[in-house]
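These are my notebook entries on a single protein chain. I began with the general form and then turned to individual side chains.

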Amino acid sequence: MNEQELEQLKYPIGRFKNSENFTPEFLENCISIIENFPENLRTEVVNLSDNQLDTPYRENGWTVRQVVHHCADSHINSILRFKLALTEEKPTIKPYFEDRFAELSDSKNFPIEASLLILEGTHKRWIALLKSLSNEDLQKTFIHPEHNREFTLQTNIAIYAWHCKHHLAHITSLKKRMNW
């Protein structure tokens, strides 16, 4: 496999590119993507067998099961980061080792239903919060020590819309390649 093929498997929708223009329509679209993600993900994975769930989306990549559990872990962290930024002045968030989380038994071996339910509940609350944000709120920031920079909440909305599409594409592209 060449570098371009590997890049396509790792980033089936491309790498995240920050928007220069956060129009209300752009943000509404991002929020809609986040809002619909739990249902879209459930649709793609609910009828997969354990063998299919334990198939990596690429060589040396996570399995579908790990991707589903990762999304629950990641989105729980994200809503907390939003709440910290809304209630504190430029908080420094706590990063986590997502690769290590994905290797824990609850990510590698546990049924996906619990994470699908976590995503459904988390996203309902997250969307209620996102839809309530003022223009001033969207400019609030948190500091991500791993990147050593501040992120606005509007940028984080765009990042998580991309994140939803990114991981959904890992699964849908695998299903297409495998004729599932």
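**Entry 1: a first residue.** I noted at the outset that this is a predicted model. I looked up Glu150 and found that it is partly exposed, because its relative accessible area is 36%. I then asked which residue forms a salt bridge with Glu150. The partner is Lys90, and the closest N and O atoms are 3.5 Å apart. This pair links distant parts of the chain, for Lys90 sits in the loop between α4 (64-87) and α5 (98-101), while Glu150 belongs to strand β2 (residues 149-152). I recorded a separation of 60 residues for the two. Lys90 is likewise partly exposed, with a relative accessible area of 40%.

**Entry 2: the fold as a whole.** I next looked up the secondary structure and found 9 helices and 2 strands in the protein chain. Along the sequence, the order is α-α-α-α-α-α-α-α-β-β-α. I wrote down the box filled by the C-alpha atoms as roughly 45 × 35 × 30 Å, taken along the principal axes.

I then asked how the radius of gyration stands against that of a compact globule. For 180 residues, a compact globule would have a value near 16 Å; the protein chain has 17 Å, so the two agree. Buried residues make up 47% of the 180 residues. Of the contacts between residues at least 6 apart in sequence, 77% join residues at least 24 apart.

**Entry 3: surface and charge.** I recorded an exposed area of about 10,300 Å² for the protein chain, of which carbon and sulfur atoms supply 49%. I found 21 positive and 25 negative side chains. The centres of these two sets lie 1 Å apart.

**Entry 4: further salt bridges.** I reminded myself that side chains of opposite charge can pair when their charged atoms come close. How many salt bridges does a search of the whole structure find? The search gives 10.

One of the pairs I looked up is Glu44 with Lys175, whose side chains meet at 2.8 Å, N to O. Glu44 lies in helix α2 (residues 24-45) and Lys175 in helix α9 (residues 153-178), so this salt bridge ties together parts that are 131 residues apart in sequence. I then checked whether each partner is buried or partly exposed. Glu44 counts as partly exposed because its relative accessibility is 21%. Lys175 has a relative accessible area of 15% and is therefore buried. The cut-off that separates the two cases is 20%, since buried means under that value.

I also looked up Lys140, which forms a salt bridge with Asp137; their closest N and O atoms are 3.7 Å apart. Lys140 counts as partly exposed, at 26% relative accessibility, whereas Asp137 counts as buried, at 17%. In addition, Arg42, Glu113 and Glu120 are joined into one network by salt bridges that share partners.

**Entry 5: a threonine in a helix.** My last residue was Thr122, which is found in helix α7 (residues 113-131). Is Thr122 buried or exposed? Its relative accessible area is 13%, so Thr122 is buried. I then asked which residues Thr122 is in contact with, leaving aside its neighbours within four places in sequence. I found His75, Ile76 and Ile79.

Technical notes: Residues are numbered from 1 along each chain as its sequence is written. This is a predicted model: local features need pLDDT of at least 70, side-chain atom pairs count only at pLDDT 80 or more; totals for chains, interfaces and linings use all residues. Side-chain values use heavy atoms; hydrogens and water are left out. Helices (H or I, at least four residues) and strands (E, at least two) are DSSP runs, numbered from the N terminus. The radius of gyration is taken over C-alpha atoms; the globule rule is 2.2 Å times the number of residues to the power 0.38. Buried means under 20% relative accessible area, exposed over 50%, partly exposed in between (1.4 Å probe, protein chains only). Contact means heavy atoms within 4.5 Å. Accessible areas come from the Shrake-Rupley method with a 1.4 Å probe; for residues, only the protein chains shown count as cover. Lys and Arg count as positive and Asp and Glu as negative; His and the chain ends are not counted. The place of a charge is taken as NZ of Lys, CZ of Arg, CG of Asp or CD of Glu. A salt bridge is a side-chain nitrogen of Lys or Arg within 4 Å of a carboxyl oxygen of Asp or Glu.
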